[in-house]
Amino acid sequence: MFTRRLFLTSASAALWLPAAARSAARYPFTLGVASGSPRDDGMVLWTRLAPDPLNGGGMPKGTTEVRWRLCSDAAMSQEVRQGVFTTSDAVGHSVHLVLKGLKPGREYWYQFHYADADSPVGRTRTTSRADASIKLAHASCQSYEGGYFTAYKDMAEWTPDCVIHVGDYIYEGGIGTLGTRMRDIGRGRRQAFETVRLHNSAEIVTLWDYRNRYALYKSDTNLQAAHAAAPWIVAMDDHEVDNNWAAGIPQDPHAQTELEFRVRKLAAFQAYWEHMPIEKPPVLNGIDSTLQLYGRYRFGPAEINLLDTRQYRDDQACGDNRKQPCGVLTDPDRTLTGRAQEQWLLDGIARSDAAFTVLASQTWFSSFRYNPAPEAPERNLDQWDGYPAQRQKLTDALQRGKGHPVVVSGDWHCSAATTLHSDPYDAKTKRIGHEFAGTSIASGCPWARDMTDALSENPHVRYYNGDKRGYVRHVVTAGDWTAQFRTVTDPGVENSPVTTDTEVHTKDI
Ligand SMILES: [Fe+2]
């Protein structure tokens, strides 16, 4: 017999957990629940049994059965489905329940049960082409040490139809030092950065390390609330594996061999899969692992192409960081996505009949020049600025497509609303769409002042704020796309107020 309890809506308490469960020493649902990869007839429901979350999970070896229920009401009284899912230590006792055959455009609530413990109740929703209006939240870059995840509390209270996470869900680095420290940010300037809480180990390398790091991040109750409030679509950026990695190449080949890096990548992919509501586990081919993350999702007036701009990319043209044109930058054969994903994307852009054709990209699609003309332009070559031939090809395709192009992106820890132009380097050319770059949930922005100084060189950047942490709320109808940039007053203080920094409409910029 399943227990049924009152689910408090996200407006009052996004995450509900029985008090007895919270205090039980062996409570298995310490990492919360999640849903993701929403379709018009189903989604993935996720949890992971982890009674000792920061120490490998704490479940005994072997297989375990987890009961689940899906209901059409928040009180969990109108049962739609129920069943038993078998998991094991081979997947960290994670549950990836793929549901199909549900009705489109409907809310559902779900709960897991193990032994005598009940999980929190999660809310999810199927997609629908018929939705006239949709609410999407988009987030990235959540350094646990850099700030509290207060933005997620605000996001959960908004109850979006879907959350898009474009990467840096965890950071792989070691343990910092609590407190505020001044750091050189270039050009002879210094800026204060805060460390408000600490990582749980040195830089993570093994599957054990990655599991414990995900568990640390997922112990954040505001993050759990955002997962329990809506389905997510997710793609990793670099820090889920290693800073600024590209395909099989680490940022620091002097410190790890390619073989070591490939083993590390498999561990990182496995742990990512174990902790995310995604459909497919990593596949190992020889010593090369791949994880299917890119995918297409249709929400009423918006068709979202979730991109993977990390796993299949050609290496950065001449190393990381900001550079003037160099190396193989303009080689037309280089891609940020790999050819297979590019073809999939070009087909999707050409076929879409949605009002908005959306690219959810880890890194900025818009160009950005950091130095004044007439010097040769200095740009961040880890982003789309480092892959100009492919960006132009996609820009041309977006221009030919029916839908109004919108890019949502992250990575760069600052908020921006930009106009996309037929020539990405020339704001005087035809305006073809918009990009909304989300700031970070908690990661700092050492380049904020450089970007502010360079804004006059970048007239296509219509709004910019590098000083605030937060996320973006998007409300989309066939006639307009509204982006509300939500920012946290002080990410160094738990549950600090979250307000709207600015609201942008595609029809206005
Ligand atoms: Fe980041």
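Is C162 buried or exposed? In this predicted model, C162 is buried, since its relative accessible area is 0%. That small result makes a good starting point for a walk through the structure, beginning with the cysteines and moving on to the metal site, the empty spaces and a few unusual spots in the backbone.

A second cysteine, C141, is likewise buried, with a relative accessible area of 0%. C162 takes part in no disulfide, and the nearest cysteine sulfur to its own is that of C141, 18 Å away. A disulfide, it may help to recall, is a covalent bond between the sulfur atoms of two cysteines. Searching the whole structure turns up one disulfide. Its partners are C318 and C326, whose sulfur atoms are 1.7 Å apart. C318 has a relative accessible area of 25% and is therefore partly exposed. C326 counts as partly exposed too, because its relative accessibility is 21%, and the cut-off for a buried residue is under 20%.

C141 comes back into the story at the iron ion. Four protein atoms serve as donors to this ion: SG of C141, OD of D168, OH of Y171 and NE2 of H413, at 2.1 to 2.7 Å from the metal. Along the sequence these donor residues follow the spacing C-x26-D-x2-Y-x241-H. D168 sits in the loop between β10 (162–165) and β11 (179–186), while H413 sits in the loop between β21 (404–409) and β22, so this pair ties together parts that lie 245 residues apart in sequence. Both loop residues are hidden from the surroundings: D168 is buried at a relative accessible area of 1%, and H413 is buried at 8%.

What is the geometry of the iron ion's site? The angles among the four donor atoms run from 83 to 164°, and the site is irregular. For reference, ideal angles at a metal are 109.5 degrees for four tetrahedral donors. A tetrahedral label requires all angles to lie between 85 and 135 degrees, and the range of 83 to 164° found here does not meet that requirement.

H413 also has a place in the largest pocket, which holds about 1,300 Å³ of space. This pocket is lined by 49 residues, and those nearest its centre are R183, F193, H413, G444 and P446. Two elements, β11 and β12 (189–195), each give two or more residues to the lining. Sorted by class, the pocket lining contains 11 nonpolar, 21 polar and 17 charged residues.

Enclosed spaces come next. Rolling a probe the size of a water molecule over the atoms shows where empty space is left. How many cavities of 30 Å³ or more does the whole structure have? The search finds two. The largest cavity contains about 70 Å³ of space, and its lining is made up of F365, S366, S367, R391, T395, T419, L420, H421, P424 and H460. Helix α8 (388–400) and strand β22 (415–421) are the elements that supply two or more of these residues. The largest share, three residues, comes from β22. In terms of class, the lining of the largest cavity has three nonpolar, six polar and one charged residue.

The second largest cavity has a volume of about 40 Å³. Around it are S37, R39, D41, G42, M43, V98, L99, K100 and E279. Here the lining is split into three nonpolar, two polar and four charged residues.

The backbone also holds a few surprises. Between A373 and P374 the peptide bond is cis, with omega near 10°. P374 belongs to the loop between β19 (356–361) and β20 (379–380). Two residues that are not glycines have a positive phi. One of them is A115, with a phi of about 50°, placed in the loop between β6 (107–114) and β7 (117–118). With a relative accessibility of 59%, A115 counts as exposed. The other is N495, whose phi is about 55°. N495 lies in the loop between β26 (481–488) and β27 (498–505), and its relative accessible area of 43% makes it partly exposed.

Definitions and conventions:
Residues are numbered from 1 along each chain as its sequence is written. This is a predicted model: local features need pLDDT of at least 70, side-chain atom pairs count only at pLDDT 80 or more; totals for chains, interfaces and linings use all residues. Side-chain values use heavy atoms; hydrogens and water are left out. On a 1 Å grid over the protein atoms alone, a cavity is a set of points where a 1.4 Å probe fits but cannot get out, and a pocket is an open set with protein on both sides within 12 Å along at least five of seven lines; lining residues have an atom within 4 Å of a point. Grid points are joined across faces, edges and corners, and a volume is the space filled by probe spheres set on the points. Helices (H or I, at least four residues) and strands (E, at least two) are DSSP runs, numbered from the N terminus. Ala, Val, Leu, Ile, Met, Phe, Trp, Tyr, Cys and Pro count as nonpolar, Asp, Glu, Lys and Arg as charged, and the others, Gly among them, as polar. Donors are N, O and S atoms within 2.8 Å of the metal (3.2 Å for Na, K and Ca); water is not among the atoms, so sites may look incomplete. Four donors count as tetrahedral if all angles lie between 85 and 135 degrees; four count as square planar and six as octahedral if opposite donors are over 155 degrees apart and all others between 65 and 115; anything else is irregular. Buried means under 20% relative accessible area, exposed over 50%, partly exposed in between (1.4 Å probe, protein chains only). A disulfide is a pair of cysteine sulfur atoms within 2.5 Å.
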